[in-house]
Amino acid sequence: MSDIKIKITDRDGVLHEVDAPTDMNMNLMEVVRTYELAPEGTIGICGGMAMCASCQCYVKSDHELPEKSDDEEAMLAEAFFVEDNSRLGCQIHISPELEGLEVELAPEEQ
């Protein structure tokens with residue numbers, strides 16, 4: 001098993017350094033749910049299909065991520081609290097290249 005370290009700031013501003021497995025085909029939203037860094041039912045509402053923006057996060061580190069898909073672009077275009085560094089956590093797949101990734105969860109949409 002190969003884990004990487006990721007830093008996630010939750011919606012209360014608390015920084016968590018977590019281990020994320022690179023060999024389980026997980027995405028960032030699933031890691032957040034695994035560590036319960038957001039209340040149940042407030043993140044990953046669509047199940048990771050890029051059909052909601054509940055897992056929006058701000059990428060704080062300089063990691064090179066895959067380009068946004070059309071679906072991700074469309075969801076972010078309709079989301080609240082969008083910044084230039086916004087991404088959907090469900091579209092960020094955990095890989096060894098993301099060692100040290102730093103993200104902050106966007107505020108929950110009301």
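Lys5 counts as partly exposed, at 35% relative accessibility. In this predicted model, Lys5 forms a salt bridge with Asp19, and the closest N and O atoms of the pair are 2.8 Å apart. Lys5 belongs to strand S1 and Asp19 to strand S2, so the contact ties together parts that are 14 residues apart in sequence. The notes below cover the sheet, the salt bridges and two residues of the loop between S3 and H2.

**Sheet and helix**

- The sheet is open and has five strands, in the order S2-S1-S5-S3-S4, with mixed pairing.
- Strand S2 (15-21) and strand S4 (86-88) are the edge strands; each has a single partner strand, so one side of each is left without a neighbour in the sheet.
- From one strand to the next, the twist averages 40°.
- Strand S1 (residues 3-9) pairs with strand S5 (residues 102-105) in the parallel sense, over three bridges.
- Within this pairing, Thr9 has Glu104 of S5 as its bridge partner.
- Helix H2 (residues 70-78) packs on the sheet, where it touches strand S3 (56-59) and S4. The direction of H2 makes about 120° with that of S4.

**Salt bridges**

- The model has three salt bridges.
- In the bridge between Lys5 and Asp19, Asp19 is partly exposed, with a relative accessible area of 30%.
- Lys60 and Glu104 meet through their side chains in a salt bridge, at 3.2 Å from N to O. This pair links distant parts of the chain, 44 residues apart: Lys60 is in the loop between S3 and H2, and Glu104 is in strand S5.
- Lys60 has a relative accessible area of 48% and is partly exposed. Glu104 is also partly exposed, at 27%.
- Arg87 forms a salt bridge with Glu72, with 2.8 Å between the closest N and O atoms. Arg87 is in strand S4 and Glu72 in helix H2, 15 residues apart, and the pair links distant parts of the chain.
- Both Arg87 and Glu72 are buried.
- The Arg87 and Glu72 bridge thus joins two elements, S4 and H2, that also touch where the helix packs on the sheet.

**Ser61 in the loop between S3 and H2**

- Ser61 lies in the loop between S3 and H2.
- The relative accessibility of Ser61 is 15%; this is under the 20% cut-off, so Ser61 counts as buried.
- The side chain of Ser61 makes a polar contact with the side chain of His63, at 2.8 Å.
- A polar atom of the Ser61 side chain also lies 3.0 Å from the backbone nitrogen of Glu102.
- Apart from neighbours within four places in sequence, Ser61 is in contact with Gly100, Leu101 and Glu102.

**Glu64 in the loop between S3 and H2**

- Glu64 is found in the loop between S3 and H2.
- With a relative accessible area of 78%, over the 50% cut-off, Glu64 is exposed.
- Glu64 and Lys5 are 59 residues apart in sequence, and their C-alpha atoms are 16 Å apart in space.
- In the loop between S3 and H2, Ser61 is therefore buried, whereas Glu64 is exposed.

Note on methods. Residues are numbered from 1 along each chain as its sequence is written. This is a predicted model: local features need pLDDT of at least 70, side-chain atom pairs count only at pLDDT 80 or more; totals for chains, interfaces and linings use all residues. Side-chain values use heavy atoms; hydrogens and water are left out. Two strands pair if DSSP finds at least two bridges between them. Helices (H or I, at least four residues) and strands (E, at least two) are DSSP runs, numbered from the N terminus. Axes are lines fitted to C-alpha atoms, for helices over the stretch in contact, and angles run from 0 to 180 degrees between N-to-C directions. Contact means heavy atoms within 4.5 Å. Buried means under 20% relative accessible area, exposed over 50%, partly exposed in between (1.4 Å probe, protein chains only). A polar contact is a pair of N or O atoms within 3.5 Å; within protein, one must be able to donate a hydrogen and the other to accept it, and residues adjacent in sequence count only if both atoms are side-chain atoms. A salt bridge is a side-chain nitrogen of Lys or Arg within 4 Å of a carboxyl oxygen of Asp or Glu.
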